[in-house]
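Me: I should like a close look at a single part of this model, namely its aromatic residues and the nonpolar core. Please treat the matter in one connected account.

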Amino acid sequence: MNRTSTIVTTVALAAAAIASVAVAHHSTSMYDRSQPLTIAAEVVEFRWVNPHSYLTVVETSERSGDAAKTWSIEMSSPGVLTRSGWSKRTFNPGDKITLKFGPLRNGDRGGIFLEATLADGTVMTYSTELPTE
């Protein structure tokens with residue numbers, strides 16, 4: 001094999017490896033959207049970061065029992081959230097919200113965001129579809 005063939009083969013293998021990681025990264029199969037949970041919660045932290053924003057909340061629902069349950073909720077990117085009318089100030093520590101999410105299938109306290117109702121009644125959702133206008 002000559003030097004050019006070796007370089008081309010190496011680059012092709014590297015590209016294939018990166019592509020497989022990127023596809024795996026965007027899987028949401030670990031979340032159960034078919035069995036959503038809805039909880040009353042207080043915001044602990046809203047991380048407005050790429051590639052995914054995160055919302056950390058403490059459940060205040062009666063179903064949580066005596067022990068406070070902390071949930072980590074994955075969202076889309078700040079770009080997608082911005083197109084849906086969000087900002088980095090949509091959630092602030094101490095905000096009381098009603099949160100609907102698809103929980104982790106393994107039972108850990110995490111999930112994928114579906115919607116949240118703010119104290120003023122505003123329902124926050126987002127779409128990963130690009131505008132068609």
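Reply: The account below begins with the aromatic pairs, passes to the core, and ends with the strands that contribute to the core.

The model is a predicted one. A search of the whole structure yields eight aromatic pairs. In one of them, the ring centres of Trp-86 and Phe-91 lie 5.5 Å apart with the planes at 70°; because an angle over 60 degrees counts as edge-to-face, this pair is assigned to that class. Both Trp-86 and Phe-91 are buried. Another pair is formed by Phe-113 and Tyr-126, whose centres are 5.8 Å apart and whose planes meet at 15°, so these rings are stacked. This second pair links distant parts of the chain, since Phe-113 belongs to strand β5 whereas Tyr-126 sits in the segment after β6 (123-124), 13 residues apart. Phe-113 has a relative accessibility of 3% and therefore counts as buried, the limit being under 20%. Ring pairs also join Phe-46, Trp-48, Trp-86, Phe-91, Phe-113 and Tyr-126 into a cluster.

Phe-91 connects this cluster with the core. Neighbours within four places in sequence being left aside, Phe-91 is in contact with Val-43, Phe-46, Leu-55, Met-75, Trp-86, Ile-97, Phe-113, Ala-116 and Leu-118. The largest nonpolar core has 19 residues, and those that touch the most other members are Leu-55, Val-57, Phe-91, Ile-97 and Leu-99. Two or more residues of this core come from each of β1, β2, β3, β4 (96-103) and β5 (110-117). Strand β1 supplies the largest share, four residues. In soluble globular proteins, nonpolar side chains tend to be buried together.

Three of the contributing strands may be followed through their pairing. Strand β1 (residues 37-47) pairs with β2 (residues 54-59) in the antiparallel sense, over six bridges, and a hairpin of six residues joins the two. Pro-51 is placed in that loop between β1 and β2, and the peptide bond leading to Pro-51 from Asn-50 is cis, with omega near 5°. Strand β2 also runs antiparallel to β3 (residues 70-74), to which five bridges join it. Thr-56 illustrates both pairings: this residue is the bridge partner of Glu-45, while in β3 the bridge partner of Thr-56 is Ser-72.

Strand β1 also includes Leu-37, which is partly exposed, with a relative accessible area of 24%. The C-alpha atoms of Leu-37 and Gly-111 are 9.2 Å apart in space, although 74 residues separate the two in sequence.

Technical notes:
Residues numbered from 1 in each chain as written. Predicted model: local features only at pLDDT ≥ 70, side-chain atom pairs only at ≥ 80, totals over all residues. Heavy atoms only, no water. Pairing = 2+ DSSP bridges. Buried < 20%, exposed > 50% of the residue type's maximum accessible area, 1.4 Å probe, protein only. Core = buried A, V, L, I, M, F, W, Y, C linked by side-chain atoms within 4.5 Å. Contact = heavy atoms within 4.5 Å. Phe/Tyr/Trp six-rings, centres within 6.5 Å; stacked < 30°, edge-to-face > 60°.
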